[in-house]
Amino acid sequence: MLNKSRLQNALYILPSMLIYSLFLLFPLLVSVGVSFTSWDGATRPIFIGLNNFIQMFSDPVFWVAIKNNAVLMLFYTLFPLCIGLVLCSFLNDTRNNKERSLLRILFFLPYIMPMAVLGVVWRWLYNPAFGPIDHFFRAIGLPQLALSWLGDFDWALPAVGFVATWYFFGFCLVLFMSGLQRMDPSLLEAADLDGSSRRQKFMRITLPGLRPEIRVALLLTVISSLKAFDLVYVMTHGGPGTSTLVTNLYMYQQGFDLRHYGYASAVAIVGMIIVFAINSIIHFAIRERH
């Protein structure tokens, strides 16, 4: 179908390119242009060059948001991948297929829910007055553990990150399980005949064999951690103070609350560059080797 002529080939991809250009490429180019201006959304934009970027990199609040994104990356990426790998290894050794399927479905259930909805549910669970988590700690005689989780400067970010870990580990698990199904079972059988331990089989056969799935999981979860907004906004609005402020929420506040659209666009452009840079590193570090 795509080997007749360049004109026909272009006609096939034209509808997709129009939609892509209208809803992604054009807004991106506009944001790049607005980032070099001072604009409140009502008056005419004033060109100020790199002043927005200079102001952003000298703003300590921006660096707090970057640090919080880096911490959340542990909860969005590292912890779900580790939990997913451990559970994947455990479920792969389970002989009962019905039990394996049921556990896989249960672990994957959080991922089918919108993050904003989960944020509302967990905000209720964390409530210090009537939330079940603090009620549980008081009931078992540990009132010192009944904290105001989302109102504590030290615990608010880990509390939000825990929800992200709970959300993503089921996705990683299902992805890794699909990777195990495409692997040649004779490799593990040969390792058993050689007397390899479970740890040796996991480190030398399973883990290298899951390289493509690990790369996909890393790419998607890293992007989600750097674009974190809905979960943080619903649960804490970036508070208390700036303890859970992330770059996308900082951009939202600057743009829609303070009407600094040029500055907010500069934050968005820098965030996009960070996403591209980190994912390029992941792509080339965990690429297929032939």
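**Contacts, pocket lining and backbone features of the predicted model**

Leaving aside neighbours within four places in sequence, Thr247 is in contact with Phe62, Ala65, Ile66, Asn69, Leu226 and Val267. The model analysed here is a predicted one. Thr247 has its place in helix H12. With a relative accessibility of 9%, Thr247 counts as buried, because buried residues are those under 20%.

Helix H12, which spans residues 247-257, is also among the elements that line the largest pocket. The space in this pocket amounts to about 710 Å³. Its lining is made up of 27 residues, of which Leu28, Met251, Ala268, Ile269 and Met272 are the closest to the centre. At least two lining residues each come from helix H1 (6-34), helix H10 (211-226), helix H12 (247-257) and helix H13 (261-285). Helix H13 makes the greatest contribution to the lining of the largest pocket, supplying 10 residues. By residue class, the lining consists of 20 nonpolar, 6 polar and 1 charged residues.

The unreviewed UniProt entry lists six spans under "transmembrane region": residues 12-34, 72-91, 103-125, 155-176, 214-235 and 261-286. Two of these spans were examined for secondary structure in the model. Residues 72-91 are 100% helix and 0% strand, and the C-alpha atoms at the two ends of this span lie 27 Å apart. For residues 103-125 the helix content is 74%, again with 0% strand, and the distance between the end C-alpha atoms is 23 Å.

The backbone was then considered in the loops that flank helix H12. Most residues other than glycine have a negative phi, and most peptide bonds are trans. In the loop between helix H11 (230-235) and helix H12 lies Pro240. The peptide bond that joins Gly239 to Pro240 is cis, and its omega is near -5°. The loop between H11 and H12 also holds His237. The phi of His237 is positive, near 60°, although this residue is not glycine. His237 has a relative accessible area of 46% and is therefore classed as partly exposed. A positive phi near 60° is also found at Arg259, again a residue other than glycine. Arg259 belongs to the loop between H12 and H13. Its relative accessibility is 40%, so Arg259 counts as partly exposed.

Cysteine pairing was assessed last. A disulfide is a covalent bond between the sulfur atoms of two cysteines. With a cut-off of 2.5 Å between cysteine sulfur atoms, the count in the model comes to 0 disulfides. Cys82 takes part in no disulfide, and the nearest cysteine sulfur, that of Cys172, is 9.6 Å away. Seen from Cys172, the closest cysteine sulfur is that of Cys82; no bond is assigned because a separation of 9.6 Å is too far. The two residues were also assigned to accessibility classes. Cys82 has a relative accessibility of 40% and counts as partly exposed, whereas Cys172 is buried, with a relative accessible area of 0%. Cys82 falls in the span 72-91 and Cys172 in the span 155-176, both listed by UniProt under "transmembrane region" in the unreviewed entry.

Technical notes:
Residues are numbered from 1 along each chain as its sequence is written. This is a predicted model: local features need pLDDT of at least 70, side-chain atom pairs count only at pLDDT 80 or more; totals for chains, interfaces and linings use all residues. Side-chain values use heavy atoms; hydrogens and water are left out. Buried means under 20% relative accessible area, exposed over 50%, partly exposed in between (1.4 Å probe, protein chains only). UniProt positions are given in the numbering used here, feature names are shortened, and annotations may be inferred rather than shown by experiment. Helices (H or I, at least four residues) and strands (E, at least two) are DSSP runs, numbered from the N terminus. On a 1 Å grid over the protein atoms alone, a cavity is a set of points where a 1.4 Å probe fits but cannot get out, and a pocket is an open set with protein on both sides within 12 Å along at least five of seven lines; lining residues have an atom within 4 Å of a point. Grid points are joined across faces, edges and corners, and a volume is the space filled by probe spheres set on the points. Ala, Val, Leu, Ile, Met, Phe, Trp, Tyr, Cys and Pro count as nonpolar, Asp, Glu, Lys and Arg as charged, and the others, Gly among them, as polar. Contact means heavy atoms within 4.5 Å.
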